[in-house]
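Please walk through this structure with me, starting from its charged pairs and moving on to its cores and surface.

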Amino acid sequence: ASFSQIMEAEKSATASFFARAGPSRSDRRDRSGQTEAVDLVKLQDEAASLLPSEDVMPELQGQYMYFQRHTLDGFVQFCRHPENQPQAEEVILDTSLLAKETGFADVTACKVSDDHKLLAYIVDFTGDDSLELRLQPLGTCAFAETVSVPSIRSVEFLGKSENVVNVLAVRTDPTTKRANHVLHLTVTDEHVSERVLWNEPNPAA
């Protein structure tokens, strides 16, 4: 065989050996970099999917448009403005301010009275479903301060007369966290009176 034939045969054998041995270290490094880049893009996409949506549609209730937005820190602001007057926007509840009380705040429900002067919201300050109802005055409400009622899971306004608010509420057992009472709450600026409409005698039920 000629010299050139011997060299071609050796080159062919070398290529065949490295093909069986797998990609070179530089190839593996390049492919690993590509894989890491793909993994990073995938992680970024997954992280973005966990972010709260910014497109929360406003809802018209009476003369107000109600909506919510998320802050850069991930907190929720409940807002409103008079219909067709977005420049008069008002933040009626800011969960970042609530979180300053204990370091954590999760608002599970937020409702406004028919006259738009009272905000009812349910908040968990611990993360273990220890819920609390708060009634917060808005605008020219006769209530001077926010009224709190512990262990309330859901709430509905029943009506409001002068300086008195009637609320239907579901109370939970503080230990089992299960609903065990349906209450009619009569709330004034000074105190809350309760009337039990339904009672579950078995807290484990």
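Glu 90 and Arg 80 join their side chains in a salt bridge, with N to O at 3.0 Å. This is a predicted model. Glu 90 sits in strand E4 (residues 90–94) and Arg 80 in strand E3 (residues 76–82), so the bridge ties together parts that are 10 residues apart in sequence. The two partners differ in cover. Arg 80 is buried because its relative accessible area is 2%, under the 20% cut-off. Glu 90 is partly exposed, at 28%.

The structure holds 6 salt bridges. Another of them links Arg 171 and Glu 194, again through their side chains, at 3.0 Å from N to O. Arg 171 belongs to strand E10 and Glu 194 to strand E12, so this pair ties together parts that are 23 residues apart in sequence. Arg 171 counts as buried, with 16% relative accessibility. Glu 194 counts as partly exposed, with 43%.

Now take Glu 132 and Arg 134. Their closest N and O atoms are 2.8 Å apart, and they form a salt bridge. Glu 132 counts as buried at 18% relative accessibility. Arg 134 counts as buried too, at 13%. Which residues are joined into one network by salt bridges that share partners? They are Glu 101, Glu 132 and Arg 134.

Next, the nonpolar interior. The largest nonpolar core has 17 residues. Leu 133, Leu 135, Ile 152, Leu 185 and Val 187 have the most contacts inside it. Six named strands give two or more residues each to this core: E6 (118–124), E7 (131–137), E8 (147–150), E9 (152–161), E10 (164–172) and E11 (179–187). Strand E10 therefore appears twice in this account: it gives residues to the core, and it holds Arg 171 of the bridge to Glu 194.

Leu 135 repays a closer look. Set aside its neighbours within four places in sequence. Leu 135 is then in contact with Leu 118, Leu 119 and Ala 120, with Glu 145, Thr 146 and Val 147, and with Phe 157 and Val 187. Val 187 is itself among the residues with the most contacts inside the core.

A second core stands separate from that one. It has 16 residues, including Phe 78, Ile 92, Tyr 121 and Phe 125.

What about aromatic rings? The count comes to 1 aromatic pair. Tyr 64 and Tyr 66 form it, and the pair is tilted. Their ring centres are 6.0 Å apart, and their planes meet at 55 degrees. Are these two residues buried or exposed? Both Tyr 64 and Tyr 66 are buried.

Turn to the outside. Leu 158, Leu 168, Leu 197 and Trp 198 form a nonpolar patch on the surface. Together they have about 370 Å² of accessible area. Trp 198 lies in strand E12 (residues 192–199). Its relative accessible area is 41%, so Trp 198 is partly exposed.

Finally, the whole chain. The protein chain has 3 helices and 12 strands. Of its 205 residues, 28% count as buried. Its accessible surface comes to about 13,400 Å², and 52% of that belongs to carbon and sulfur atoms. Consider contacts between residues at least 6 apart in sequence: 23% of them join residues at least 24 apart.

Terms used. Residues are numbered from 1 along each chain as its sequence is written. This is a predicted model: local features need pLDDT of at least 70, side-chain atom pairs count only at pLDDT 80 or more; totals for chains, interfaces and linings use all residues. Side-chain values use heavy atoms; hydrogens and water are left out. Patches are made of residues with over 30% relative accessible area and no salt bridge: like charges are joined within 9 Å, nonpolar side chains (Val, Leu, Ile, Met, Phe, Trp, Tyr) within 5 Å. Accessible areas come from the Shrake-Rupley method with a 1.4 Å probe; for residues, only the protein chains shown count as cover. A salt bridge is a side-chain nitrogen of Lys or Arg within 4 Å of a carboxyl oxygen of Asp or Glu. Helices (H or I, at least four residues) and strands (E, at least two) are DSSP runs, numbered from the N terminus. Buried means under 20% relative accessible area, exposed over 50%, partly exposed in between (1.4 Å probe, protein chains only). A nonpolar core is a set of buried Ala, Val, Leu, Ile, Met, Phe, Trp, Tyr and Cys residues joined through side-chain atoms within 4.5 Å. Contact means heavy atoms within 4.5 Å. Rings of Phe, Tyr and Trp (its six-membered ring) pair if their centres lie within 6.5 Å; planes under 30 degrees apart count as stacked, over 60 as edge-to-face and the rest as tilted.
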